[in-house]
Amino acid sequence: MKKGKIALIFLFLVTFSSILNAQGNGQGMGMQDMPENGVLSGTILDNAGNPVEYATVSLFSLRDDKLVTGGITDEKGYFKITKIKLGGYKVDIKFIGFDKKTIKSVYLFPKGRGKGEGIDQDLGQIILETSSIAIENVNVVADKLHVQYKIDKKIINVSQDVNAVGGTAVDVLENTPSVNVDIDGNVELRGSTNFTVLIDGKPTVLASDEALQQIPANLIENIEIITNPSAKFDPDGAAGIINVIMKKNQQRGVNGVVNVSIGTKEKYKADANFSYKVGKFNITAGFDYRNEKRFGTGSQDRITNYIDTTFYMNYAGDRDMNILGYGIKGGIDYYINDNNTLTISGQYGQREFSRNLSSFYQEWSNPANTEDFYIRNSDVGYSGNSYSINLNYSLKFKKPDRKLDALFYYSNWDGKRIDDQDKYITDLNANIIDSEPELRKSDLINPSSDYRYQFDYVTPFGEEGVIEAGYQGRYEQKTADYQYVNYDPVLNIWINDLDKMNKSDFYRNIQAVYGTISDKFWGFNYKIGLRMEYTDRLLDQYTSGDKYSVNRFDYFPSAYITREINKKQQIQMSYSRRVNRPDDRDLNPFPNYADPYNVRMGNPALEPEYVDSYELNFQNRFGKSFLAFETYYRRTNNLISNINILAEDNVLYRTLANLNHDNSIGAELSANLSFTNWWKLNGSATAYYYSIIGELDGENINNDSYNWNLRLDNTFSFKSNTRIQLTAFYTGPSITAQGTRDEFYFMNVAIRQDLLNKKMTITAQLRDVFNTMAHSTTTETEDFYTYSKFTREGQVFTLSLTYRINNYKDKSKNGRNGNGDSDVENMEMD
């Protein structure tokens, strides 16, 4: 372990030194004293602080008002125009949907010469205001596109999803290309549940699906879907990364937004964001509250076959959810000077989630045996408190675009998972005939801590090249204390079942270095990178006395090649290698009892699965519309799959195993179409072939299927500041390692009305209009067969209200230093 750390540190130092040497060797080049040696740069943002890509920056001579040169912003809103003839210029900045921004005078002369402010000037952050154009009976508001397709990611602008108002991140993802969401809120990214969720680029203490179900949609600015991340990102998550960007406000004075929502059948939510910017400080605070019930049903038919007997079981009943919790957060940005920024932020939350199940069971066998009837009630879920602390430091060097970022992060979760059950004997008609129920409880006390520190260095080289290098350390610690008790009605006490109780500790230490280089060559933009990680992992199973450790090196390359065919079309090829690492629950071999017939247990021999992902993407802009065609191939080696094993006692054991591999090859067509000034269509269609190759206990379990889904989102905007949105989604059938999953589909509708000069918004929505959202699965082997069907509450009506303090708008444009101390707009000619 020590040798591994030393090797990583040595590699990082060599990489870092090489960067500095290469950088030093290039200084002084291209800065000769010639007439065309001016440089002008800056960053274009909208009034919410988001980068504006493809904005045009034009320089006009102050002498004759003729166009001299110009440029276009990149994905970060950044532009840099070089080889400008020294002189005085007017700068115009334009982008569709925004008012034109004009900087009346910029003097590219050496300092000390007249009005000269330097031959290499950075205009800092420049804000564009959203435009509004009245056209007869229609009020066309130039909104951001619901889905923006970047060459390496999709950006989901949550403000454009009316159906997600008052919901969570999961509700946003229901209407997102490349993503599937089932009735329980379980998310799949391109058919895989193995992905990483980040919040503002940082990890979360909760599991991916749990985190997404807890984040209020009203507090989200946008969501990034990154299916082929570069080597800079953590490689965890076989299918990629879902990065949730929370709302922030960088404008001066007091600003804020408050949201409240109420829905049918006990659904209540509220949240707020506030900010106060003065001088060198920006102070933010916020909270969220949620108390929601969701209703549903579930049923299952099960057949298990033995040599001389076949057992049958079926059940049907209610399957409801309760979600309760609150959270608070705050932060301070301190702009020390133009080049140094320090940020400290944190959040605290208390969350509870439970699934309440009440089902009527019937059991019998062939040859005939006595039939058993009973009602089983279960309360399954988790509860606990969590908090996190972030410390960020950003240093900008004198050389433009060179910077160093440092991050220190700590999070803690003190929660537990609960499973309380009772069983009542009944007759054929579900009437209780035994007043003494069978009672049992199991608790998994599962506290965890996560420490991270990270350093990222960026420096330009040549005319367009960029080098990135970084180091990251992360340390995870989890405890799993599984407690199981049965109720003794005679003694009227709870008794520990020591045979089922166990305790373990899990430690994982990962040290990583990475480097990427990007530049332009023969008309191609490229970015290549390599990440190297050393993992030290230990599962200490106290009950059995066993210890399972892993020490290993891994490498994760990435590559992008992009070609801009013209200003409206571009094509890209990309590759990345990723990993899905098993956690403590996946590894712990002790059983976890869902009920007497269903037992979950981990597999300590489980190895990480590795994914090689390839993509070929094409993007085309035409008028106000956009079309993207993406193809991909993903191969997973050491595939981790859920496996069901039937034991002789009629108990179904659910565990995990590494199969040989799987393959996914598919295509996705996505479009943002503007048919008229008042009608926009956003949609996507995905089709892919999926196959599993492997053996289990010597039995071939190869399987394959063709899968597809369709998503359509129609938005209609009217003069009265009214917007109507209709969303429809369909997912076709698919396969699992031992069975199939049937199709599911639904439709939502929402109406939004802006009032009081857009300070207030009222949104009414109806989810699952035709009450069709259900899913069913079949699992079948030679030994057993199960068919399960689950439905969720449909036709849910929600009314939401949003109020913006100071209209949550920019009151003072940011200037050269990005914190308002110098206003570019006020640069007047003498």
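**A chat about the chain**

Author: Of the 830 residues in this chain, 51% count as buried. Keep in mind that the model is predicted.

Reader: OK. How many helices and strands are there?

Author: The chain has four helices and 52 strands.

Reader: And the contacts? What share joins residues at least 24 apart?

Author: That share is 65%, among contacts between residues at least 6 apart in sequence.

Reader: What about the surface? How much does the chain expose?

Author: About 37600 Å². Carbon and sulfur atoms supply 55% of that area.

Reader: Let's pick one strand. Is β6 mostly covered or mostly uncovered?

Author: Mostly covered. Strand β6 spans residues 101–108, and six of its eight residues are buried.

Reader: Which strand is joined to β6?

Author: Strand β5, residues 87–94, is joined to β6 by six bridges. The two run antiparallel.

Reader: Which residue of β6 does Gly87 stand opposite?

Author: Gly87 faces Leu108 in β6.

Reader: New topic. In what order do the strands of the open sheet with β34 come?

Author: The order is β34-β35-β39-β38. Four strands form this open sheet, and the pairing is mixed.

Reader: Which strands stand at the edges?

Author: β34 (592–595) and β38 (640–646). Each has a single partner strand, so one side of each is left without a neighbour in the sheet.

Reader: How are neighbouring strands turned against each other there?

Author: By 30 degrees on average, direction ignored.

Reader: Back to β34. How many bridges join β34 to β35?

Author: Three. β35 covers residues 598–600, and the two strands run antiparallel.

Reader: What holds paired strands together in general?

Author: Strands of a sheet pair through backbone hydrogen bonds, either parallel or antiparallel.

Reader: Which residue in β35 is the bridge partner of Tyr593?

Author: Val599 is the bridge partner of Tyr593.

Reader: Now the holes. How many cavities of 30 Å³ or more does the structure hold?

Author: It holds 12 of them. The second largest has a volume of about 370 Å³.

Reader: Which lining residues are closest to the centre of that second largest cavity?

Author: Lys267, Glu292, Arg294, Arg767 and Val796. In total, 29 residues line the second largest cavity.

Reader: Which strands each supply at least two residues of that lining?

Author: They are β17 (253–263), β18 (267–278), β19 (281–294), β21 (310–335), β49 (760–767), β51 (784–792) and β52 (796–805).

Technical notes:
Residues numbered from 1 in each chain as written. Predicted model: local features only at pLDDT ≥ 70, side-chain atom pairs only at ≥ 80, totals over all residues. Heavy atoms only, no water. Pairing = 2+ DSSP bridges. Axes fitted to C-alpha atoms, helices over the stretch in contact; angles between N-to-C directions. Buried < 20%, exposed > 50% of the residue type's maximum accessible area, 1.4 Å probe, protein only. Contact = heavy atoms within 4.5 Å. Areas by Shrake-Rupley, 256 points an atom, 1.4 Å probe, with all protein chains shown as cover. 1 Å grid on protein atoms, 1.4 Å probe; cavity = no way out; pocket = protein on both sides within 12 Å on 5 of 7 lines; lining within 4 Å. Points joined across faces, edges and corners; volume = space filled by probe spheres on them.
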